[in-house]
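Me: I am new to this structure and would like to learn how to read it. Could we take it one feature at a time?

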Amino acid sequence: MKVDFLNLKRANEPHEAAILDAVERVVGSGWYILGEQTAAFEREFADYCGVAHCIGVANGLDALHLILRAYDIGEGDEVIVPSNTFIATWLAVSQTGARVVPVEPDERTCNLDPGRIEAAITPRTRAVMPVHLYGQPADMEPICRLARKHGLRVIEDAAQAHGARYRGRRVGGLGDAAGFSFYPGKNLGALGDGGAVTTDDDTLAGTLRKLRNYGSSTKYRHEITGLNSRLDELQSAILRIKLPHLDAENTRRRNAASVYLEALARLPLQLPHVHEEADPVWHLFVVRTPDRDALQTYLREAGIGTNIHYPLACHRQPAYSAERWPALPIAERLQAEVLSLPMAPYLSTADIRAVAERIRAFFS
Ligand SMILES: *Cc1c(COP(=O)(O)O)cnc(C)c1O
């Protein structure tokens, strides 16, 4: 059986008719930027996350970057980030002129290890950016406690975790502010780029509304040197079609994950570990083995697509090679051993069992 790593056409197929309908309405409205679709989506996504404000922006990287800028974090400041994340977490900090300070993850959850944060705090530290990697909420309680103690902002990178919960509360409302991405492959994906900030901070929300729109809240009056980073009406309308189905789709991912967990037990393969306070949304299902490359090749030849998140740790990227980094052995082990198996709401139990069967065959 052939199983793609992720087939976006299949993922969007259940919504296709409604999306085309919504697109037609936006086209006919004659209003394409900062109109009623974006305003309505912002309200709906804020309600979904259980926060007061949602501000649509152009993409997830901008969402994180603009939060930092709005908090006046920049040159001379330091921001704590996970050593193992998608490059955007790091770039959001670097673009402000602040320094990224990588902290290693807990090896079981692959999320920022709260026990390692305090040693990385200096007088210049302004914020900590936990990432809910692979759709698993980071261990926010101890992270927020440390942040309060040291006067730091907590900025969630929630780009992979739309709808995930920690202690029963949705990500996006667990820190001072959160950045989301609606890149097509995310759990809530647009048909192009998109992003949003969620927050309960009224002042931050006001600043972000200006920052994303040339520093302006009244046309042709520019109060701050902002930029152009907006979620457009078409993408907002499409996201409004998909948002009401997000919980059901996340449930389907959860079912797929439990089939994997059962079918892959008792193999020399490290399976994802779910933190006791976390209710993940399985953006990715990531396993670990020192035989990763051989397993990936074996699956490819059997028609099963996989992916690696991520094959080169941020501090090893050419973009960051000019800086000196502390030893980050966990990030380096992860880059060599992680493998993401097919994961999508449309996958059936039979699809998941077929993938698991192949993996069992590899190890037998
Ligand atoms: C996708 C992603 C981003 C960036 O989102 P874009 O919309 O692609 O800019 C940031 N952080 C993480 C962890 C991501 O997975």
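Me: In which loop is Y310 found?

Reply: Keep in mind that this is a predicted model. Loops can be placed by the elements on either side, and Y310 is found in the loop between α10 (292–301) and α11 (329–337). The peptide bond leading from H309 to Y310 is cis, with omega near 15 degrees.

Me: What is the sign of phi at Y214?

Reply: Phi is positive at Y214, about 60 degrees, although Y214 is not a glycine. This residue lies in the loop between α7 (202–211) and β10 (216–218).

Me: Why does Y214 count as partly exposed?

Reply: The label depends on relative accessible area: under 20% is buried, over 50% is exposed, and partly exposed is in between. Y214 counts as partly exposed because its relative accessibility is 39%.

Me: Where is Y220, and what is its phi?

Reply: Y220 is placed in the loop between β10 and β11 (221–222). Its phi is positive, about 65 degrees, and Y220 is not a glycine.

Me: Is Y220 buried or exposed?

Reply: Y220 has a relative accessibility of 70%, so it counts as exposed.

Me: Now the ligand. Where does the ligand sit, and which residues are around it?

Reply: The ligand sits in the largest pocket. The residues around it are N59, G60, L61, F86, A88, V131, D157, A159, Q160, S181, K186 and G194. Sorted by class, this shell has 5 nonpolar, 5 polar and 2 charged residues.

Me: Which ligand atoms do the side chains of D157, Q160 and K186 approach, and at what distances?

Reply: For polar contacts, look at pairs of N or O atoms within 3.5 Å. A polar side-chain atom of D157 lies 2.8 Å from a nitrogen atom of the ligand. For Q160, a polar side-chain atom is 2.8 Å from a ligand oxygen. In the side chain of K186, an N or O atom is 2.7 Å from an oxygen atom of the ligand.

Me: How much of the ligand does the protein bury?

Reply: Start from the area of the ligand taken alone, which is 380 Å² exposed; the protein buries 92% of that.

Me: S181 was in the list around the ligand. Is S181 buried or exposed, and in which strand does it lie?

Reply: S181 lies in strand β8 (residues 177–181). It is buried because its relative accessible area is 7%.

Me: What does the side chain of S181 reach?

Reply: The S181 side chain reaches the backbone nitrogen of Y183, at 3.1 Å.

Terms used:
Residues are numbered from 1 along each chain as its sequence is written. This is a predicted model: local features need pLDDT of at least 70, side-chain atom pairs count only at pLDDT 80 or more; totals for chains, interfaces and linings use all residues. Side-chain values use heavy atoms; hydrogens and water are left out. Helices (H or I, at least four residues) and strands (E, at least two) are DSSP runs, numbered from the N terminus. Buried means under 20% relative accessible area, exposed over 50%, partly exposed in between (1.4 Å probe, protein chains only). A residue is near a molecule or strand if one of its heavy atoms lies within 4 Å of it. A polar contact is a pair of N or O atoms within 3.5 Å; within protein, one must be able to donate a hydrogen and the other to accept it, and residues adjacent in sequence count only if both atoms are side-chain atoms. Accessible areas come from the Shrake-Rupley method with a 1.4 Å probe; for residues, only the protein chains shown count as cover. On a 1 Å grid over the protein atoms alone, a cavity is a set of points where a 1.4 Å probe fits but cannot get out, and a pocket is an open set with protein on both sides within 12 Å along at least five of seven lines; lining residues have an atom within 4 Å of a point. A molecule sits in a cavity or pocket if more than half of its atoms lie within 2 Å of its grid points. Ala, Val, Leu, Ile, Met, Phe, Trp, Tyr, Cys and Pro count as nonpolar, Asp, Glu, Lys and Arg as charged, and the others, Gly among them, as polar.
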